[in-house]
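Could you walk me through a fold the way you would at the bench, one feature at a time? I'd like the general idea and then the actual case.

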Amino acid sequence: MELLACPKCQGTHIIKSGVINNKQRYLCKKCNYFFTVNKIGKKIDDYYVTKALQLYLEGLSYREIERIIGVSHVTVSNWVKSFNIKKPSHGNYHPTYKIFNHLELVEYIKNKDLLSGAGMIITELGDKFMLIKWERFKD
C-alpha cells in the first residue's frame with residue numbers, strides 16, 4: 001500500500017472516504033480534511049533547470065535558452081523568478097554561443113585566432129558542448 005500524507009497537516013492517519021470523478025477520496029483523521037490523490041505532474045530533471053539558470057546568468061535570453069534546452073521560455077522565466085536570480089550587467093560585452101559535438105569542438109579550439117580577444121566558457125549540453133564567448137562591443 002502506498003503511504004499517503006495529508007496535504008494540509010502532513011498527517012499520516014488517513015482513511016478512504018469515497019470516490020469523486022473516478023479518483024479515490026481520503027479523509028485525514030487528524031484535521032478532518034478531505035483530499036484526493038495528488039496529480040503526478042511533468043517533472044523536469046534538475047540538470048536542465050541548472051543548465052537553464054547557468055545560461056541565463058551567462059547572458060542568454062529566455063528564447064535562446066528555450067531553443068537550446070527545449071524548455072518553454074515561460075518555464076525558464078518562472079525558474080529565474082522562483083530562485084530569485086538577478087542577471088548581472090555585462091556592460092560593453094555581449095555573449096555569442098555555438099553548439100559543437102566533440103570533434104567539432106576539438107577542431108575549433110585548435111584555431112588560435114578564434115580563441116584570442118574574448119572570454120570563453122565551455123559547458124556540457126547533453127551529448128554536445130556549448131561554447132559561450134564574450135566579445136567587446138566595437139566602438
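What follows is a short tutorial on confidence, strands and helix packing.

Q: Before I trust anything, what kind of model is this, and how are residues numbered?
A: This is a predicted model, where local features need pLDDT of at least 70, side-chain atom pairs count only at pLDDT 80 or more, and totals for chains, interfaces and linings use all residues. Residues are numbered from 1 along each chain as its sequence is written, and side-chain values use heavy atoms, with hydrogens and water left out.

Q: What pLDDT does the chain average, and which elements score lowest and highest?
A: pLDDT is the predictor's confidence in each residue, from 0 to 100. The chain averages 84, with 89% of the residues at 70 or above. Among the elements (DSSP runs numbered from the N terminus: helices are H or I of at least four residues, strands E of at least two), strand β4 (residues 93-100) has the lowest mean, 81, and helix α3 (residues 73-82) the highest, 94.

Q: Now the sheet: what is the strand order?
A: Strands of a sheet pair through backbone hydrogen bonds, either parallel or antiparallel. Two strands count as paired if DSSP finds at least two bridges between them. Here you get an open sheet of three strands, ordered β1-β2-β3, with antiparallel pairing. β1 and β3 (34-36) sit at the edges with a single partner strand each, so one side of each has no neighbour in the sheet. From one strand to the next, the twist averages 35 degrees.

Q: How many bridges join β1 to β2, and which residue stands opposite Val-19?
A: Five bridges join β1 (residues 14-20) to β2 (residues 23-28). Val-19 faces Gln-24, and Ile-14 has Cys-28 as its bridge partner. The two strands make a hairpin with two residues between them, and Asn-21 in that turn has a positive phi of about 50 degrees.

Q: And what links β2 to β3?
A: Three bridges do, again between antiparallel strands. Tyr-26 pairs with Phe-35, while Leu-27 pairs with Phe-34. This hairpin has five residues between the strands, and Asn-32 takes a positive phi near 55 degrees.

Q: On to helices: at what angle do α1 and α2 cross?
A: Axes are lines fitted to C-alpha atoms, for helices over the stretch in contact, and angles run from 0 to 180 degrees between N-to-C directions. Under 35 degrees is roughly parallel, over 145 roughly antiparallel, 65 to 115 roughly perpendicular, and the rest oblique. The axes of α1 (residues 46-57) and α2 (residues 62-69) come within 10 Å and cross at roughly 140 degrees, so the pair is oblique.

Q: Which residues of α1 and α2 meet?
A: Contact means heavy atoms within 4.5 Å. Tyr-48, Lys-51, Ala-52, Leu-55 and Tyr-56 in α1 meet Tyr-62, Ile-65, Ile-68 and Ile-69 in α2.

Q: How does α1 pack against α3?
A: Their axes are 10 Å apart, at an angle of about 80 degrees, which makes α1 roughly perpendicular to α3. On the α1 side, Tyr-48, Val-49, Ala-52, Leu-53 and Tyr-56 meet Val-76, Trp-79 and Val-80 in α3.
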